[in-house]
Amino acid sequence: MTEPFLLKAESLSIHRQGRTLVDKASLSLQAGKVVSLIGPNGAGKTTLIRALMKLLKIDEGHLHIKEGLRIGYMPQKLNLDASLPITVLAFLSLNQKRDEHFFESAEKTDVRCIFERPMQSLSGGELQRVLLCRAILKKPQLLILDEPAQGLDVNGQAELYRLIAQLRDELNCGVLMVSHDLHFVMAATDEVICLNQHICCHGHPEKVSLHPEYLKLFGQQQAANVALYTHHHDHQHGVHGELIEPCNHNH
Ligand SMILES: Nc1ncnc2c1ncn2[C@@H]1O[C@H](COP(=O)(O)OP(=O)(O)OP(=O)(O)O)[C@@H](O)[C@H]1O
């Protein structure tokens, strides 16, 4: 019998140095579904996803992982040694054959054109695309992305979330991503899990965005986002973004 889930966590708790970092968290991930993990700084998001990948010891609870599950992971940070320059191509080739799939993955994530560039010279958006490319090289059934759009401007974020949705469709993989970009999370996610050590609320983005626990944690930020996206535009911009003085219509 095939399991309906790729990964299922039941009441996972992680304690370190007398502190509870994750408290009885339960979740389930399926092929073709995007789940976003949101929560304030220090809420335990990275700790939880590292535990789901068995990179950290779980103190209580159960973790069921589909046999042979291939996970592609995009970490939050990449520590590169500045004294050891490495090109994008060499970085992606570490432990990886340069076969047809390798070049297809590079095409999909649009990194082929930067193969010869040193990793240290990449812009934030280019680096995120390279890390995403590396995450899909092993043909993952589950993609785990830790703040994939960090440091990108609004257009860069929109582009990256579009790419993630496209990869989900093409690979039919499950996606679990940690995000702080509530605006995009709400638009690009099948399920939102709001974590603050314990899971405060979860479900469809529209439902979660109205949940009292969510509003307590993110109400102000959401209000600011709404203000940002619906600000009163009482001026005009020229083609280069310059401000054009309002005209006086004295007819
Ligand atoms: N090995 C450890 N021992 C003790 N405390 C730890 C350990 N690892 C993480 N922590 C603490 O656990 C808390 C949760 O950290 P974590 O990185 O999971 O949060 P996060 O939700 O991913 O935060 P951010 O949004 O800032 O990335 C933090 O207070 C962190 O200092």
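Ala 43 sits in the loop that links strand S3 (34-38) to helix H1, and this loop makes a handy way into the structure, which is a predicted model. With 21 C-beta neighbours inside 10 Å, Ala 43 counts as buried, the cut-off being 20 or more. Setting aside its neighbours within four places in sequence, Ala 43 is in contact with Leu 195, Asn 196 and Gln 197. Ala 43 also belongs to the set of residues around the ligand.

One of those contact partners, Gln 197, deserves a word of its own. Gln 197 lies in the loop between strand S8 (191-196) and strand S9 (198-203). Its phi is positive, at about 65°, even though Gln 197 is not a glycine. Like Ala 43, Gln 197 counts as buried, here because 20 C-beta neighbours fall inside 10 Å.

Now to the ligand. Besides Ala 43, the residues around the ligand are Arg 16, Gln 17, Leu 21, Gly 39, Asn 41, Gly 42, Gly 44, Lys 45, Thr 46 and Thr 47. Sorted by class, this shell holds seven polar residues, two nonpolar and two charged. Which helix gives the largest share of the shell around the ligand? That is H1 (residues 45-52), with three residues.

H1 itself is mostly tucked away. Six of its eight residues are buried, so H1 is largely enclosed by the rest of the structure. The buried ones are Lys 45, Thr 47, Leu 48, Ile 49, Ala 51 and Leu 52. Two of these, Lys 45 and Thr 47, are buried in H1 and are also among the residues around the ligand. Just after H1 comes Lys 54, with a positive phi of about 65°.

Elsewhere in the chain, two further helices pair up. The axes of helix H4 (residues 124-136) and helix H5 (residues 154-171) come within 11 Å and cross at roughly 10°. Angles under 35 degrees count as roughly parallel, so that is how H4 and H5 run relative to each other. Their crossing is right-handed. From H4, the contact draws on Gly 125, Gln 128, Leu 132 and Ile 136, while H5 brings in Gly 156, Leu 160, Leu 163, Leu 167 and Leu 171. By class, the residues of this contact divide into six nonpolar and three polar, with no charged ones. An α-helix has 3.6 residues a turn, so residues three or four places apart point the same way.

How far is this pair of helices from the starting point? One distance gives an idea: the C-alpha atoms of Ala 43 and Leu 160 are separated by 24 Å, and the two residues are 117 apart along the chain.

Ahead of H5 there is another residue with an unusual entry to note. Glu 147 lies in the loop between strand S6 (142-146) and H5. Is Glu 147 buried or partly exposed? With 19 other C-beta atoms within 10 Å, Glu 147 is partly exposed, since a buried residue needs 20 or more. The phi of Glu 147 is near 50°, a positive value in a residue other than glycine.

Stepping back to the whole protein, there are eight helices and eleven strands. Of the 251 residues, 32% count as buried. Among contacts between residues at least 6 apart in sequence, 67% join residues at least 24 apart.

Definitions and conventions. Residues are numbered from 1 along each chain as its sequence is written. This is a predicted model: local features need pLDDT of at least 70, side-chain atom pairs count only at pLDDT 80 or more; totals for chains, interfaces and linings use all residues. A residue is near a molecule or strand if its C-beta atom, placed from the backbone, lies within 6 Å of it. Helices (H or I, at least four residues) and strands (E, at least two) are DSSP runs, numbered from the N terminus. Ala, Val, Leu, Ile, Met, Phe, Trp, Tyr, Cys and Pro count as nonpolar, Asp, Glu, Lys and Arg as charged, and the others, Gly among them, as polar. A residue is buried if 20 or more other C-beta atoms lie within 10 Å of its own, exposed if 12 or fewer, and partly exposed in between; C-beta atoms are placed from the backbone. Axes are lines fitted to C-alpha atoms, for helices over the stretch in contact, and angles run from 0 to 180 degrees between N-to-C directions. Angles under 35 degrees count as roughly parallel, over 145 as roughly antiparallel, 65 to 115 as roughly perpendicular and the rest as oblique. A crossing is left-handed if the near helix is turned anticlockwise from the far one by less than a right angle, and right-handed if clockwise. Two residues are in contact if their C-beta atoms, placed from the backbone, lie within 7 Å.
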